[in-house]
Amino acid sequence: MAGGMATSGPKQGRAELYEGRITAYVVLACIVAATGGSLFGYDLGVSGGVTSMDDFLKKFFPHVYRRKQHHLRETDYCKYDNQLLTLFTSSLYLAGLVATFGASHVTRSKGRRVSIIVGGLSFLLGAILNAGAENLAMLIIGRILLGVGVGFSNQSVPLYLSEMAPARVRGGTNNLFQLTTCLGIFVANVINYFTNKLHPWGWRLSLGLAIIPALLMSIGGYFLPETPNSLVEQGRLQEGRRVLEKIRGTQNVQAEFDDMVEASEIARAVKHPFRNLLKRKNRPQLIMGTCIPAFQQLTGNNSFLFYAPVIFQSLGMGNDASLYSAIMTGAVITFGALVSMFTVDRVGRRFLFMEGGTQMVICHVIISILLALKFGKGEKIPTGYGVGIVLLICIFTAAYGWSWGPLSWLVCSEIFPMETRSAGQSIVVCVNLFFTAVIAQSFLALLCHLKYGIFLLFGGLVCFMSVVIYFFLPETKNVPIEEMRFEWARHWYWKRIVNNQMDEDDESEKRKMSKAAGP
C-alpha cells in the first residue's frame with residue numbers, strides 16, 4: 001500500500017534507519033515548551049472557582065449573587081444560570097478560536113518558538129488586565145487577551161513537542177502538554193481555596209497569579225531551540241541538521257533528515273495550506289482532526305472543570321467544601337495525565353481511547369441515576385449521595401485524564417503531513433476552542449433545563465465517539481511523524497480514498513513528464 005504514496009512523501013519508510021537517543025537537551029526543551037499547557041489549565045481551573053466567589057459575583061454579577069443567596073442551603077439546577085456569567089468563561093475560548101488562524105501563519109512562517117513567545121506575552125497582558133478589572137468590559141477584554149494567548153500556545157506547543165521527540169517516546173513527551181494543563185488546573189483550584197477567604201480582593205489574586213505561567217512560557221520560549229522540522233521547512237537546512245543532531249545525540253541522522261527534507265519540499269510547493277487540506281489525500285487527517293477535538297469537549301469533562309465548584313455548590317455543599325472537591329478533581333486529572341505519559345507508548349493510543357471511553361460512559365450513567373433519585377427537590381442532598389457523586393466525578397476525571405484529555409492533542413499533532421501541519425493544527429485548535437466555548441456558554445443552561453439528563457446526553461456522545469475511534473483511527477504508536485501518511489494508506493477504510501488520490505497524482509505526474517519530454 002505504501003507504494004501508492006510516492007508523490008506525497010518518501011519513496012519508502014525509513015523508520016528502521018532512524019538513530020538517536022533521548023537526550024537531556026530535548027527533555028529540558030520539551031519541559032520548558034510544555035509550560036504552555038499551564039496557561040490553558042490554570043484558566044480552566046481558576047474560572048470555575050472565581051465565578052463561585054461571593055465578592056466576585058457581587059461586583060460583576062449581582063443578580064446571580066442574589067439568586068445564590070436565596071437558594072443558599074438548597075439544591076437548585078438553575079442557581080447559576082446566567083448568560084453574562086458564562087460569557088466571562090467562554091469569551092476567552094472564542095478569542096482563542098479567532099487567534100489560532102493568525103497563529104497558524106506565524107507558526108509556519110516564523111516557527112513554533114515565536115508562536116510560543118507571542119502566546120505567553122498575550123496571556124501576560126490579559127492576566128494583568130483581569131487582576132485590575134473595575135468593570136465587566138475590562139474583565140471581558142482581559143479574557144480576550146488571555147484567549148489570544150491560549151490560541152497561540154495550543155497551536156504551537158503540541159506541534160513543538162511532537163516534532164522534537166523521538167518517535168518511540170513521542171506519545172509520552174507530547175503528553176507533557178496535558179500534564180502541565182492538569183497541574184495548572186490543580187494549582188488554580190488550590191489557590192481558589194485559599195483566596196476565597198481573602199475578602200474582598202481574593203478573586204483578583206486568583207486571576208492575577210496567571211502572570212506566573214505566562215512569564216514562564218514567555219521567558220522560557222526565548223531560550224528554546226526551534227524544531228528541526230520547522231527549520232527545514234523554512235529552508236534553513238544546515239541549522240536544521242545541527243539541531244537534529246543535538247537533540248538526537250548522534251551525527252547519524254541522515255534517514256530522519258532526508259524524510260524532513262522531502263516533506264519540506266512538498267510543503268514549500270503548497271502555497272495555500274488550508275486549501276490543500278481539502279484535497280482528497282488529506283481527507284482522513286482533516287476528518288479525524290476535526291472530530292477528535294470536538295469529541296474531547298463533548299465528553300463533558302470540561303463542564304466539570306469549568307464549573308466544579310458551582311456544581312458542588314448546587315449539590316448543596318458549602319463554599320469551602322465545593323472548592324475542596326474541585327481540588328480533588330484537579331489532583332485526580334493530574335494523576336490520569338501521569339498514567340497516560342507512562343503507558344501511551346506501550347499500550348497505544350487506541351487502547352486508552354477505548355478504555356477511557358468505557359469508564360466515562362459508566363460514570364455518566366450512574367451519576368444521572370443518583371441525581372434523578374435525590375437531587376433538584378429543593379432540599380439539601382444527603383451526604384452519602386453527595387460523596388458518591390464526587391467520587392464518580394473523580395473516577396470519570398481520571399479516565400479522561402489518561403484518554404481523551406491528552407490523546408486528542410497528541411494524535412492531532414502527529415497525523416498531519418508537514419505541508420498541512422500548521423494549518424491542520426489550527427483547525428484542531430479552532431474546533432477545540434469552538435466546542436469549549438459552546439460548552440462553557442451552554443452548560444449551566446443545559447443543566448437547568450435537562451437536569452440529570454445532561455449526563456445521559458454526554459454518556460451517549462462518549463459511546464458514539466468511542467465507536468468512531470474504533471473503526472476510523474489507525475494506531476500511531478511508534479510511527480515517525482514524517483511517515484504517518486503510510487498508516488492512512490494501510491487503513492481498511494481510508495486506503496481506498498488515499499490510494500486512489502495517489503494513483504491520480506501519479507498519472508498527472510507522468511503526463512507532465514511526457515509533455516515536458518516533447519514529441
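Analyst: Start with a rule. A salt bridge pairs a side-chain nitrogen of Lys or Arg with a carboxyl oxygen of Asp or Glu within 4 Å. The model you see is predicted.

User: By this rule, how many salt bridges does the count come to?

Analyst: The count is 17 salt bridges. Let us take a few pairs. Glu239 bridges to Arg236, with the closest N and O atoms 3.0 Å apart. Glu245 bridges to Arg241, and there too the closest N and O atoms are 3.0 Å apart.

User: By about how much are Glu245 and Arg241 separated in helix α12?

Analyst: By about one helical turn, because the two residues are four apart in helix α12 (residues 237-248).

User: Which residue forms a salt bridge with Glu414?

Analyst: Arg349 does, with the closest N and O atoms 3.1 Å apart. Glu414 sits in helix α20 (residues 404-414) and Arg349 in helix α18, so this pair ties together parts that are 65 residues apart in sequence.

User: Does the cut-off matter here? Is Glu414 buried or exposed?

Analyst: Buried means under 20% relative accessible area, and partly exposed runs from there to 50%. Glu414 is at 0%, so this residue counts as buried. Arg349 is at 1%, so it is buried as well. Now go back to the Glu239 pair. Glu239 is at 29% relative accessibility and therefore counts as partly exposed. Arg236, at 35%, is partly exposed too.

User: Which residues are linked in a network of salt bridges?

Analyst: The network links Arg108, Arg112, Glu163, Glu233, Arg421 and Glu482.

User: Let us step back to the whole chain. How many helices and strands are there?

Analyst: The chain has 24 helices and zero strands. Of its 519 residues, 61% are buried. Look at sequence separation next. Among contacts between residues at least 6 apart, 82% join residues at least 24 apart.

User: Now one helix. How many residues of α15 are buried?

Analyst: In α15, 12 of the 16 residues are buried, so the helix is largely enclosed by the rest of the structure. Among the buried ones are Pro284, Met288, Ile292, Pro293 and Phe295. The helix covers residues 283-298. From first C-alpha to last, α15 reaches 22 Å, close to the 22 Å expected. After the helix comes Gly300, whose phi is positive, near 95°.

User: Which residues touch the most other members of the largest nonpolar core?

Analyst: That core holds 122 residues. Those touching the most other members are Phe56, Phe61, Met288, Ile292, Trp404, Leu473 and Trp488. Helix α21 (residues 418-450) supplies the largest share of this core, 12 residues.

User: What is Ile292 in contact with, leaving aside its neighbours within four places in sequence?

Analyst: Its partners are Trp404, Ser408, Val411, Cys412, Ile469 and Leu473. Two of these names, Trp404 and Leu473, also appear in the list of core residues that touch the most other members.

User: And outside? Which residues form a nonpolar patch on the surface?

Analyst: Ile362, Val365, Ile366, Ile369, Leu373, Tyr452 and Leu456 form it, with about 590 Å² of accessible area together. Helix α18 (residues 349-374) gives the most, five residues. Ile366 lies in that helix, α18. Its relative accessible area is 35%, so Ile366 is partly exposed.

User: What does the accessible surface of the chain come to?

Analyst: About 19300 Å², and 66% of that belongs to carbon and sulfur atoms.

Terms used
Residues are numbered from 1 along each chain as its sequence is written. This is a predicted model: local features need pLDDT of at least 70, side-chain atom pairs count only at pLDDT 80 or more; totals for chains, interfaces and linings use all residues. Side-chain values use heavy atoms; hydrogens and water are left out. The expected span of a helix is 1.5 Å times one less than its number of residues. Buried means under 20% relative accessible area, exposed over 50%, partly exposed in between (1.4 Å probe, protein chains only). A nonpolar core is a set of buried Ala, Val, Leu, Ile, Met, Phe, Trp, Tyr and Cys residues joined through side-chain atoms within 4.5 Å. Contact means heavy atoms within 4.5 Å. Patches are made of residues with over 30% relative accessible area and no salt bridge: like charges are joined within 9 Å, nonpolar side chains (Val, Leu, Ile, Met, Phe, Trp, Tyr) within 5 Å. Accessible areas come from the Shrake-Rupley method with a 1.4 Å probe; for residues, only the protein chains shown count as cover.
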